[in-house]
Amino acid sequence: MILTDRPILITGATSGLGMQAALRLAERHPLILTARSNRRLAELESAIPGQTYVVCDQSSLDSVRAAAEQISGPLQAVVLAAGIQTVDTSARSSDGYELTFAVNVLAPHLLLGMLSPHVQETTVVHVGSGTHYGQFRRSYAMVPAPQWASAGQLATIRGIGGGVAYSTSKLALLHHTHELARRAPKSVVPICFDPGMMPGTELARYRGTVAQFAWKRVMPILRPLPGVSTPEVSGRNLATLALATGPRGDYVEIDRRTASSDESYDEARELELFDELNSLVGLDPTAAAPWWSGRPDPAHG
């Protein structure tokens, strides 16, 4: 059991946005950092020494469960920065789920659910994306618009492009943020953070060779455009959000709070998604805090 004094948990801290946020937070706060393999964990320990390190492969629900069992709270913040984008929806997680949805949605839901007893006076930050708006708002027509379906369908879908799967997973994280804001105690502050488009990161590691080359070597010339950022800039903003105390359920676009897409506000969809995710990951209700299982009675706040 890992015992720390109000640490900040950061997933996906081995590179890019997660690492930049961790580097800034490590200067003043104890951290629990995850990586998807022992090799990456060793690299992380070398880059950000003196912290607590846990293997958490988000493509495996068993790995997520094992990681959660090693962490004890209370947690000051949970920063869910790990994520991927694939070529198409043929790739599967070790549990048989569509890989993008498994890594970007199912894994953080399970991890947070298992840690919910330690999430009481805690900021929870989902890393979202402007791609949830559709093709032209923030992705410059490079990522298709989301195509919503039930969580069960999204977890098993085939035959659509990886870009659609990615933007849809980021829409799901906004729904998840809104539902957390309804269910969690007022001392829990859920936020969805859009870091902007950040060419050069490892986000495209599961894309083809040409796409990876363009993402890392060609597209960084877009950085002067609105909505385009760098891991350093957005990592600094993410570190600041990890220490925020409100408002709850907000969407933050690089460095400003703003409204997310009209589609992202759907209370019925959000309730359905949350409950379906519990079923898909097999979350034992006894492993979660009481607030996780349902919305509070409006008559009692």
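Helix 6, which covers residues 162-183, is a good place to enter this structure: its 22 residues reach 31 Å from the first C-alpha to the last, close to the 32 Å expected at 1.5 Å a residue. The model is a predicted one, and the values given here are computed from it. Of the 22 residues of helix 6, 21 are buried, so the helix is largely enclosed by the rest of the structure. One residue of helix 6 is His-175, which counts as buried because its relative accessibility is 0%. Leaving aside neighbours within four places in sequence, His-175 is in contact with Trp-148 and with Glu-263, Ser-264, Tyr-265, Asp-266, Arg-269, Glu-270 and Leu-273.

Helix 6 belongs to a chain with nine helices and eight strands. Buried residues make up 56% of the 301 residues in that chain, and among contacts between residues at least 6 apart in sequence, 73% join residues that are at least 24 apart.

Helix 6 also takes part in enclosing empty space. Rolling a probe the size of a water molecule over the atoms shows where such space is left. The structure holds two cavities of 30 Å³ or more, and the largest cavity has a volume of about 60 Å³. The lining of the largest cavity consists of Glu-98, Phe-101, Leu-154, Ile-157, Ile-160, Ala-165, Thr-168 and Ser-169. Helix 6 gives the most to this lining, with three residues.

Glu-98, one of the residues lining the largest cavity, is also a contact of Ala-91, which, leaving aside neighbours within four places in sequence, touches Tyr-97, Glu-98 and Leu-99. Ala-91 has its place in the loop between strand 4 (77-80) and helix 4 (99-115). With a relative accessibility of 28%, Ala-91 counts as partly exposed, because the partly exposed class runs between 20% and 50%. Although Ala-91 and Arg-158 are 67 residues apart along the chain, their C-alpha atoms are separated by 8.9 Å.

Turning to the strands, Leu-33 is found in strand 2, which runs over residues 31-35, and at 0% relative accessibility Leu-33 counts as buried. Its contacts, not counting neighbours within four places in sequence, are Ile-10, Ala-13, Ala-22, Leu-41, Leu-44, Ile-48, Gln-51, Thr-52, Tyr-53 and Val-54. Leu-33 and Thr-11 are 22 residues apart in sequence, and their C-alpha atoms are 6.0 Å apart in space.

Further along the chain, Asn-237 is found in helix 8, residues 231-242, and at 17% relative accessibility Asn-237 counts as buried, since the cut-off for that class is under 20%. The side chain of Asn-237 reaches the backbone oxygen of Ile-254 at 2.8 Å. Not counting residues up to four places away in sequence, Asn-237 touches Phe-193, Ile-254 and Asp-255.

The stretch after helix 8 holds two details of the backbone. Most residues other than glycine have a negative phi, and most peptide bonds are trans. Ile-254, by contrast, has a positive phi of about 60 degrees although it is not a glycine. This residue lies in the loop between strand 7 and strand 8 (256-258), and at 13% relative accessibility Ile-254 counts as buried. The other detail is a cis peptide bond that joins Gly-246 and Pro-247, with omega at about -10 degrees. Pro-247 lies in the loop between helix 8 and strand 7 (250-253).

The last region to visit is marked by aromatic rings. A pair of such rings is described by the distance of the centres and the angle of the planes. The structure holds three aromatic pairs. In one of them, the rings of Phe-274 and Trp-292 have their centres 4.7 Å apart and their planes at 55 degrees, so the pair is tilted. This pair links distant parts of the chain, with Phe-274 in helix 9 (residues 267-281) and Trp-292 in the segment after helix 9, 18 residues apart. Both Phe-274 and Trp-292 are buried, and ring pairs link Phe-274, Trp-291 and Trp-292 into a cluster.

Conventions:
Residues are numbered from 1 along each chain as its sequence is written. This is a predicted model: local features need pLDDT of at least 70, side-chain atom pairs count only at pLDDT 80 or more; totals for chains, interfaces and linings use all residues. Side-chain values use heavy atoms; hydrogens and water are left out. Helices (H or I, at least four residues) and strands (E, at least two) are DSSP runs, numbered from the N terminus. The expected span of a helix is 1.5 Å times one less than its number of residues. Buried means under 20% relative accessible area, exposed over 50%, partly exposed in between (1.4 Å probe, protein chains only). A polar contact is a pair of N or O atoms within 3.5 Å; within protein, one must be able to donate a hydrogen and the other to accept it, and residues adjacent in sequence count only if both atoms are side-chain atoms. Contact means heavy atoms within 4.5 Å. Rings of Phe, Tyr and Trp (its six-membered ring) pair if their centres lie within 6.5 Å; planes under 30 degrees apart count as stacked, over 60 as edge-to-face and the rest as tilted. On a 1 Å grid over the protein atoms alone, a cavity is a set of points where a 1.4 Å probe fits but cannot get out, and a pocket is an open set with protein on both sides within 12 Å along at least five of seven lines; lining residues have an atom within 4 Å of a point. Grid points are joined across faces, edges and corners, and a volume is the space filled by probe spheres set on the points.
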